[in-house]
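Have your viewer ready and your selection tool to hand. We will go from stop to stop, with something to pick at each one.

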Amino acid sequence: MLVGSKAHKVIIIGSGPAGYTAGLYAARALLDPLMFAGYMSGGQLMLTSDVENFPGYPVGIGGPEMMIHMREQAERFGLEVRDKNVERVDFSERPFGIWVEGEEFRAEAVIICTGAEAIWLGVEGEDAHRGRGISTCATCDGAFFRDEEIIVIGGGDSAMEEATFLTRFASKVTIVHRREGFRASKVMYERAVNHPNIAVKTFRQVKSWLSDKNGLTGAVLEDPRDGSEEEISCTGAFIAIGHKPMTGFLEGEVEMDDSGYIMHTEHTMTSVAGVFAAGDVVDKRYRQAVTAAGMGCQAAMDAEKWLENQH
Ligand code: NAP
């Protein structure tokens with residue numbers, strides 16, 4: 001059933017810095033934007049402890065706090081936010097169709113800001129311990145591992161951030177990385193590896209997880225150079241090996257690359273005229289809160305210009 005007698009001018013799918021900034025700009029342009037923020041609104045920053053690199057916060061700010069501020073700011077100018085997930089879309093005709101909990105909504109322009117989610121290793125024994133010993137979010141689950149030995153897998157900023165954060169709880173944290181070089185920024189790498197409770201193991205990949213009746217007990221690590229194996233003991237593990245875009249519900253509707261990231265055609269426009277995308281759902285290079293926010297602004301301005309030219 002079509003909700004309301006006319007289509008919304010702009011519907012924003014997804015929250016986070018890109019979505020809220022798009023919402024702020026679209027609201028200030030009097031486009032009466034409606035946002036479907038998802039059941040877990042705010043995106044990945046809701047799982048981030050401290051944001052120290054967003055301009056304007058000289059002493060940093062908590063990720064969730066920053067998302068609350070962004071949402072409040074956009075709502076003050078008229079963004080309507082519903083904490084619901086979009087199930088499917090139909091971009092084959094205009095106004096575009098968007099289905100949420102069985103209800104149909106229509107929009108003249110759509111801005112997709114659904115972001116990305118953590119990737120799991122997918123090795124033997126992992127499924128049994130997802131959320132019960134193995135996690136992808138230290139901020140969410142770190143406190144469960146007080147005085148325990150844990151490992152963090154990955155060599156990027158996420159792994160460094162998770163490892164450093166986890167020293168608040170764990171007695172020992174070992175970073176396990178598959179090669180010698182680290183992708184992480186120098187400052188975050190040094191903060192982690194110089195911490196007295198953090199050890200680093202390079203040239204090691206998790207081959208399988210070990211457990212007993214009480215839960216996770218360790219992992220079998222493999223040296224990718226020669227296939228040799230060793231065991232490491234741990235009662236908790238955090239996987240920080242990157243993210244994948246949340247575009248499953250858009251299959252066949254907009255052009256994506258091989259990894260599922262939405263592709264831009266002109267500026268922030270997707271392969272469908274009138275459908276725009278911003279933030280981590282298109283960006284596998286920068287993936288910063290500040291770049292996502294900037295792109296959200298661009299997408300709202302592009303949508304505004306495009307709508308203007310339709311009449
Ligand atoms: P990332 O930079 O892509 O790093 C992923 C890491 O996981 C790499 O070291 C990679 O190894 C490793 N990896 C990938 N697949 C693996 C597998 N199957 N098995 C073992 N290791 C695997 O991802 P990220 O750390 O999540 O960071 C993403 C972006 O967010 C970056 O731009 C980063 O700067 C940003 N970020 C910023 C902050 C902050 O500033 N506070 C915090 C977190 C993230 P290789 O290096 O060998 O490929």
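The tour below moves from the ligand to a helix beside it, then to the cores and a few backbone details.

Before starting, note that this is a predicted model, in which local features need pLDDT of at least 70, side-chain atom pairs count only at pLDDT 80 or more, and totals for chains, interfaces and linings use all residues. Residues are numbered from 1 along each chain as its sequence is written, and side-chain values use heavy atoms, with hydrogens and water left out.

**Stop 1: the ligand**

Select the ligand and the residues around it, meaning those with a heavy atom within 4 Å. There are 21 such residues, and Asn53, Asp157, Ser158, Arg179 and Arg183 come nearest. Colour the shell by class and you should find 5 nonpolar, 10 polar and 6 charged residues. Here Ala, Val, Leu, Ile, Met, Phe, Trp, Tyr, Cys and Pro count as nonpolar, Asp, Glu, Lys and Arg as charged, and the others, Gly among them, as polar.

Now show the polar contacts, which are pairs of N or O atoms within 3.5 Å. The side chain of Arg179 places an N or O atom 2.7 Å from a ligand oxygen. For Asn53 the corresponding side-chain distance to a ligand oxygen is 2.9 Å, and for Arg287 it is 3.4 Å. On its own the ligand exposes 920 Å², of which the protein buries 80%; these areas come from the Shrake-Rupley method with a 1.4 Å probe.

**Stop 2: helix H4**

Which helix gives the most to the shell around the ligand? Select residues 157–166: this is H4, which contributes 3 residues. Helices (H or I, at least four residues) and strands (E, at least two) are DSSP runs, numbered from the N terminus.

H4 is mostly covered, with 7 of its 10 residues buried. Buried means under 20% relative accessible area, exposed over 50%, and partly exposed in between (1.4 Å probe, protein chains only). The buried ones are Ala159, Met160, Glu162, Ala163, Thr164, Phe165 and Leu166. To see what covers them, add the surrounding elements, including H3, E11, strand E12 (172–176), helix H5 (186–193), strand E13 (198–201) and strand E17 (236–239).

**Stop 3: the cores**

Next, look at the largest nonpolar core: a nonpolar core is a set of buried Ala, Val, Leu, Ile, Met, Phe, Trp, Tyr and Cys residues joined through side-chain atoms within 4.5 Å. This one has 59 residues, and the members touching the most others are Phe91, Ile98, Val110, Ile111, Ile112, Leu250 and Ile262. Elements giving two or more residues include strand E1 (8–13), helix H1 (16–28), strand E8 (103–112) and helix H6 (289–308). H6 supplies the largest share, 9 residues. Apart from this core lies another, of 19 residues, among them Ala138, Ala159, Leu166 and Phe182.

Centre on Ile262 and show its contacts (heavy atoms within 4.5 Å). Beyond residues up to four places away in sequence, its partners include Ile112, Leu250, Met256, Ala277 and Val282.

From there, step to Ala277 in strand E19 (residues 275–277). Ala277 counts as buried because its relative accessibility is 0%. Leaving aside neighbours within four places in sequence, it is in contact with Ile112, Ile262, His264, Thr268, Thr270, Val282 and Met295. Try a distance from Ala277 to Gly19: they are 258 residues apart in sequence, yet 9.4 Å apart in space, C-alpha to C-alpha.

**Stop 4: backbone details**

Most residues other than glycine have a negative phi, and most peptide bonds are trans. Select Arg94 and Pro95 to see a cis peptide bond, with omega about -5 degrees. Pro95 sits in the loop between strand E6 (88–90) and E7.

Then pick Asp32, in the loop between H1 and E2, where phi is positive, near 45 degrees. Asp32 is exposed, because its relative accessibility is 54%. Asp147, in the loop between helix H3 (138–141) and strand E11 (149–153), has a positive phi of about 60 degrees. At 62% relative accessibility, Asp147 counts as exposed.

**Last stop: His129**

Is His129 buried or exposed? With 9% relative accessibility, His129 counts as buried, and you will find it in the loop between strand E9 (116–118) and strand E10 (134–135). Not counting residues up to four places away in sequence, His129 touches Ile134, Ser211, Gly215 and Leu216.

Note on methods. A polar contact is a pair of N or O atoms within 3.5 Å; within protein, one must be able to donate a hydrogen and the other to accept it, and residues adjacent in sequence count only if both atoms are side-chain atoms.
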